[in-house]
Amino acid sequence: MSASLSDSPLYSTLGPGHIRLVELRRRPEDNELEAILKTASFTETPQYQALSYVWGEQKPREERPKLLVSRDGYVDHDFRIWQNLHDAFTRIMALTPAGEVCTLWADQICIKQEGEGRDDDKNVQ
């Protein structure tokens with residue numbers, strides 16, 4: 001079982017003018033979706049697409065699709081996302097050429113949703 005988001009190393013404190021982005025790719029060894037969480041500064045003008053979607057049915061955490069999420073060597077094998085976000089990621093990657101990365105901002109992953117610092121995180125982004 002993964003750590004809760006409140007103590008997960010995926011979410012370090014963001015400084016002013018910074019944002020978290022997701023580099024979405026398919027793993028070459030098994031073709032599974034993988035999201036690499038990165039921090040970017042607006043002064044560097046990061047290139048990304050913001051994803052807007054409806055969260056959809058609020059299923060219990062254990063019934064949601066898993067997504068492999070990593071940051072700075074830490075890997076969460078049990079990160080759960082909403083079905084609609086999973087469907088959007090799957091569709092985006094089906095349209096992305098093999099071996100390429102798609103850089104996105106998606107609120108459920110890029111903004112800390114639980115635990116201490118959650119409100120600060122939402123305000124910064």
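How many helices and strands are there in the chain? This predicted model has 3 helices and 6 strands, and the legends below take you through it view by view.

**Figure 1. The whole chain, with its pattern of β-β-β-β-β-α-β-α-α.** Reading along the sequence, you pass the 3 helices and 6 strands in that order. Of the 125 residues in the chain, 41% are buried. The accessible surface comes to about 7,300 Å², and carbon and sulfur atoms hold 48% of that area. If you look at contacts with a separation of 6 or more, 58% of them join residues that are 24 or more positions apart.

**Figure 2. An open sheet of 6 strands with mixed pairing.** Here the strand order is S3-S6-S1-S2-S4-S5. Strands S3 and S5 are the edges, as each of them pairs on one side only. Strand pairing in general runs through backbone hydrogen bonds and may be parallel or antiparallel. Two pairings of this sheet, both involving S4, get views of their own below.

**Figure 3. Strands S2 and S4 side by side, in the parallel sense.** Strand S2 covers residues 33-41 and pairs with S4 over 3 bridges. To find one of these places, start at alanine 35, whose bridge partner in S4 is valine 69.

**Figure 4. The hairpin of S4 and S5.** Strand S5 spans residues 74-80, and its pairing with S4 is antiparallel over 5 bridges. Arginine 71 is set opposite tyrosine 74 of S5. Between the two strands lie 2 residues. Have a look at aspartate 72 in this turn: its phi is positive, at about 50 degrees.

**Figure 5. A salt-bridge network of Arg61, Lys66, Asp78 and Arg80.** Side chains of opposite charge can pair when their charged atoms come close. Within this network, lysine 66 and aspartate 78 meet in a salt bridge with an N to O distance of 3.8 Å. That pair links distant parts of the chain, with lysine 66 in strand S4 and aspartate 78 in strand S5, 12 residues apart. Aspartate 78 also forms a salt bridge with arginine 80, here at 2.9 Å, N to O. Which members are buried and which are partly exposed? Lysine 66 is partly exposed, at 49% relative accessible area. Aspartate 78 is buried, because its relative accessible area of 13% is under 20%. Arginine 80 also counts as buried, at 15% relative accessibility.

**Figure 6. Arginine 64 over the face of tryptophan 82.** In this view, arginine 64 lies 3.9 Å from the ring centre of tryptophan 82. Its place in the chain is the loop between strand S3 (49-50) and strand S4 (66-71). Is arginine 64 buried or exposed? With a relative accessible area of 18%, arginine 64 is buried, because the limit for that class is under 20%. Beyond neighbours within four places in sequence, the residues in contact with arginine 64 are Lys59, Arg80, Ile81, Trp82 and Gln108. Among them, Arg80 also belongs to the network of Figure 5. As for pairs of aromatic rings, the count in this model comes to 0.

**Figure 7. A salt bridge between glutamate 29 and arginine 27.** The chain has 7 salt bridges in total, and this one has an N to O distance of 3.5 Å. How do the two partners compare in burial, buried or exposed? Glutamate 29 counts as exposed, because its 56% relative accessibility is over 50%. Arginine 27, at 19% relative accessibility, counts as buried, because that value is under 20%.

**Figure 8. Isoleucine 19 and threonine 39 across a gap in sequence.** Isoleucine 19 is found in strand S1, which runs over residues 18-26. Its relative accessible area is 5%, so isoleucine 19 is buried. How far apart in space are isoleucine 19 and threonine 39? Their C-alpha atoms are 5.7 Å apart, while 20 residues separate them in sequence.

Terms used: Residues are numbered from 1 along each chain as its sequence is written. This is a predicted model: local features need pLDDT of at least 70, side-chain atom pairs count only at pLDDT 80 or more; totals for chains, interfaces and linings use all residues. Side-chain values use heavy atoms; hydrogens and water are left out. Rings of Phe, Tyr and Trp (its six-membered ring) pair if their centres lie within 6.5 Å; planes under 30 degrees apart count as stacked, over 60 as edge-to-face and the rest as tilted. A charge sits over a ring if NZ of Lys or CZ of Arg is within 6 Å of the ring centre and within 35 degrees of the ring normal. Helices (H or I, at least four residues) and strands (E, at least two) are DSSP runs, numbered from the N terminus. Buried means under 20% relative accessible area, exposed over 50%, partly exposed in between (1.4 Å probe, protein chains only). Contact means heavy atoms within 4.5 Å. Accessible areas come from the Shrake-Rupley method with a 1.4 Å probe; for residues, only the protein chains shown count as cover. Two strands pair if DSSP finds at least two bridges between them. A salt bridge is a side-chain nitrogen of Lys or Arg within 4 Å of a carboxyl oxygen of Asp or Glu.
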